[in-house]
Amino acid sequence: MSKTVLIYGGISKQSRLIGLWQKASSVFAEYSEKVETIFVHELPGNDLLAANSKSEAVQQAKQKVEQASTIVVFTPIYKASFSGILKTFLDLLPQKVFSEKIVLPIAIGGTFGHLLAIDYALKPVLAALGATTILSGVFVLDQDVKQGDSGTYVLTGPADERLEQQVRLAQKTAQLSFITN
């Protein structure tokens, strides 16, 4: 059985990024596979900023990443790059921790001008962490995520379809990888 870890690189759960996380989580839940989330903003801030890799909370998060077969990285795009809080966490991970894992980057931004941030900013960092199977990322515009009355977020049709398609591809790729290994 494969294990998936969702790394949430937003600065709070009061963000449209959580809508992307909710959608991806619901798709993975259909496969009844073990899914855990690391909400990076909930890790001790002092440990992230001081690069305290010996922190118990950071160690637990690192262990989740090391044990996963699939990694999904969520980030808002600020100033044409992924979030700084995500970078502080990624900097604490062992250099080749993403090797032999399926990695899916998912980002949200305010304009299409941020579309290439996944390819030019995030993917090189993921590759430096050993990722060789990085799926095509999903970029969603802020305006394509609406907050419903119950507080949950809903993606518009095309954004919803693209995200679901890539999450299903990540799950199937992980299954095939698990079978062949």
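This short talk walks through the overall build of the protein, then one strand-helix-strand unit, and then a few residues with unusual backbone angles.

Please keep in mind throughout that what we are looking at is a predicted model. Taken as a whole, the protein has a secondary structure of six helices and nine strands. Its radius of gyration is 15 Å, close to the 16 Å that the globule rule gives for 181 residues, so the protein is as compact as a globular protein of that length. If you prefer to think in terms of a box, the C-alpha atoms fill one of roughly 40 × 40 × 30 Å along the principal axes.

As for the interior, 49% of the 181 residues count as buried, and the accessible surface comes to about 8800 Å², with 52% of that surface belonging to carbon and sulfur atoms. Among the contacts with a separation of 6 or more, 80% are made by residues that lie 24 or more positions apart in the chain.

Let me turn to the N-terminal part. Strand E1, residues 3-8, pairs with strand E2, residues 34-39, in the parallel sense, and the pairing runs over six bridges. Within that pair, threonine 4 stands opposite valine 35 of E2. To get from E1 to E2 the chain passes through helix H1, residues 17-30, and this β-α-β crossover is right-handed.

How does the span of H1 compare with what its 14 residues should give? At 1.5 Å a residue they should span 20 Å, and the end C-alpha atoms are 21 Å apart, which agrees. Of those 14 residues, 10 are buried, so H1 is largely enclosed by the rest of the structure. The buried set includes Leu17, Ile18, Leu20, Trp21, Val27 and Phe28, but also Lys23 and Ser25.

That brings me to the backbone angles. Most residues other than glycine have a negative phi, and with that in mind I would point you to three positions. After H1 comes serine 32, with a positive phi near 55 degrees. Lysine 79 also has a positive phi, near 50 degrees, and it sits in the loop between strand E3, residues 70-78, and strand E4, residues 81-82. Alanine 80, found in that loop between E3 and E4, has a positive phi near 65 degrees.

Are these two loop residues buried or exposed? Lysine 79 is exposed, with a relative accessible area of 83%, whereas alanine 80 is partly exposed, with a relative accessible area of 47%.

Methods:
Residues numbered from 1 in each chain as written. Predicted model: local features only at pLDDT ≥ 70, side-chain atom pairs only at ≥ 80, totals over all residues. Heavy atoms only, no water. Pairing = 2+ DSSP bridges. Helix = DSSP H or I, 4+ residues; strand = E, 2+ residues; numbered from the N terminus. Right-handed = clockwise from strand over helix to strand, strands pointing away. Rg over C-alpha atoms; globule rule 2.2 N^0.38 Å. Buried < 20%, exposed > 50% of the residue type's maximum accessible area, 1.4 Å probe, protein only. Contact = heavy atoms within 4.5 Å. Areas by Shrake-Rupley, 256 points an atom, 1.4 Å probe, with all protein chains shown as cover. Expected span 1.5 Å × (residues − 1).
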